[in-house]
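Dear colleague,

I am handing over the structure we talked about, and below it you will find my notes on what turned up when I went through it. Please read them with the model open beside you.

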Amino acid sequence: MEIEEAIERRKSRRSFKRTALTENQLSQLIWSAGKAPSAGATYPLELYVVIGKECAGDIDAGVYHTKGYSELELHKEGDLREELAVACLRQMFIADAPVSFVITAEYERTTRRYGERGIRYVHIEVGHVSQNIYLQCEALGLATVAIGAFYDDEVAKVLSLPEEHKPIYVMPVGKYAQ
Ligand SMILES: Cc1cc2nc3c(=O)[nH]c(=O)nc-3n(C[C@H](O)[C@H](O)[C@H](O)COP(=O)(O)O)c2cc1C
């Protein structure tokens with residue numbers, strides 16, 4: 001797909017088929033997330049993936065931390081999609097999506113260099129990552145929506161995030177249920 005076509009077609013989609021993603025689709029999405037620019041190359045973001053049962057090739061259900069935007073490290077076991085949806089103000093369509101990305105930030109990495117302004121940079125950066133995921137979904141024929149409405153503490157608890165990794169955006173991904 002041409003980049004213009006992906007930009008033109010991109011939109012937020014909120015109904016998902018309960019169909020698994022392939023491992024190739026998942027790694028392509030993670031790759032695209034890692035290709036965003038970073039203020040002063042401080043790389044404050046950490047990407048987590050919430051994967052449901054039988055939802056991504058042979059990968060077990062759980063919360064995974066992405067290392068170097070390529071490897072998946074199991075962070076927490078279990079299918080936590082329902083709990084994630086509840087933590088996102090009961091936007092229950094999130095529980096239908098086979099996979100959700102949770103973009104988190106360790107502000108210190110950027111504020112250490114830029115002070116208060118670093119907070120702005122971190123938020124801008126999350127937008128870049130999110131847009132890459134939106135466009136990559138379009139190119140793969142997948143649906144997604146950026147979710148900013150959630151209880152921070154609840155999402156952190158569901159994923160058992162380390163204290164310094166603050167959740168900023170949630171992006172459920174799956175096949176579109178028309
Ligand atoms: C910062 C931000 C937060 C958002 N949070 C939510 C959300 O919690 N739930 C949701 O369904 N959509 C959310 N959206 C998606 C917007 O509703 C959507 O982008 C908007 O309606 C425009 O539609 P489009 O993306 O199809 O162009 C959010 C978008 C942004 C930029």
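Leu89 sits in the loop between α3 (81-87) and α4 (93-96), and its backbone deserves a look, with a positive phi of about 55 degrees although the residue is not a glycine. Please keep in mind here, as throughout, that this is a predicted model. Leu89 counts as partly exposed, because its relative accessibility of 44% falls between the 20% and 50% cut-offs. A second residue that is not a glycine, Ala41, likewise has a positive phi, of about 50 degrees; Ala41 belongs to the loop between α2 and β1 and is partly exposed, at a relative accessible area of 46%.

That loop, which runs between α2 (23-33) and β1 (45-51), also holds Ser38. Is Ser38 buried or exposed? With a relative accessibility of 16%, Ser38 counts as buried, because the limit for that class is under 20%. The side chain of Ser38 reaches two backbone nitrogens, that of Tyr43 at 2.8 Å and that of Thr42 at 3.4 Å. Leaving aside residues up to four places away in sequence, Ser38 touches Tyr43, Pro44 and Glu125.

Glu125 brings us to helix α6, where it is listed among the buried residues, together with, for example, Gly118, Val126, Ile133 and Cys137. The helix has 24 residues and spans 35 Å from its first C-alpha to its last, which is close to the 34 Å expected at 1.5 Å a residue. After α6 comes Gly141, with a positive phi near 70 degrees.

Two residues of α6 are worth following individually. Val122, which lies in this helix, is buried, with a relative accessible area of 0%. When residues up to four places away in sequence are not counted, Val122 touches Pro44, Leu45, Ala105, Tyr107 and Thr110, and its C-alpha is separated by 7.1 Å from that of Thr110, 12 residues apart along the chain. Gln136, found in α6 as well (residues 117-140), is a polar residue that is nevertheless buried, at a relative accessible area of 11%. Its contacts, with the same exclusion of residues up to four places away in sequence, are Gln28, Leu29, Trp31 and Ser32.

Finally, the ligand. Which residues surround the ligand? Its surroundings are made up of Arg10, Lys11, Ser12, Arg14, Gln91, Phe93, Val145, Ala146, Ile147, Gly148, Ala149 and Tyr169, and by class this shell has six nonpolar, three polar and three charged residues. Three side chains in the shell can be described at the level of atoms. A side-chain N or O atom of Arg14 is 2.6 Å from an oxygen atom of the ligand, a polar side-chain atom of Arg10 lies 2.8 Å from an oxygen atom of the ligand, and a polar side-chain atom of Gln91 is placed 2.7 Å from a nitrogen atom of the ligand. Taken alone the ligand exposes 630 Å², and the protein buries 52% of that.

If you have time for one part, I would suggest starting with the ligand shell and then turning to the loop that holds both Ala41 and Ser38.

With best wishes

Conventions. Residues are numbered from 1 along each chain as its sequence is written. This is a predicted model: local features need pLDDT of at least 70, side-chain atom pairs count only at pLDDT 80 or more; totals for chains, interfaces and linings use all residues. Side-chain values use heavy atoms; hydrogens and water are left out. A residue is near a molecule or strand if one of its heavy atoms lies within 4 Å of it. A polar contact is a pair of N or O atoms within 3.5 Å; within protein, one must be able to donate a hydrogen and the other to accept it, and residues adjacent in sequence count only if both atoms are side-chain atoms. Accessible areas come from the Shrake-Rupley method with a 1.4 Å probe; for residues, only the protein chains shown count as cover. Helices (H or I, at least four residues) and strands (E, at least two) are DSSP runs, numbered from the N terminus. Buried means under 20% relative accessible area, exposed over 50%, partly exposed in between (1.4 Å probe, protein chains only). Contact means heavy atoms within 4.5 Å. The expected span of a helix is 1.5 Å times one less than its number of residues.
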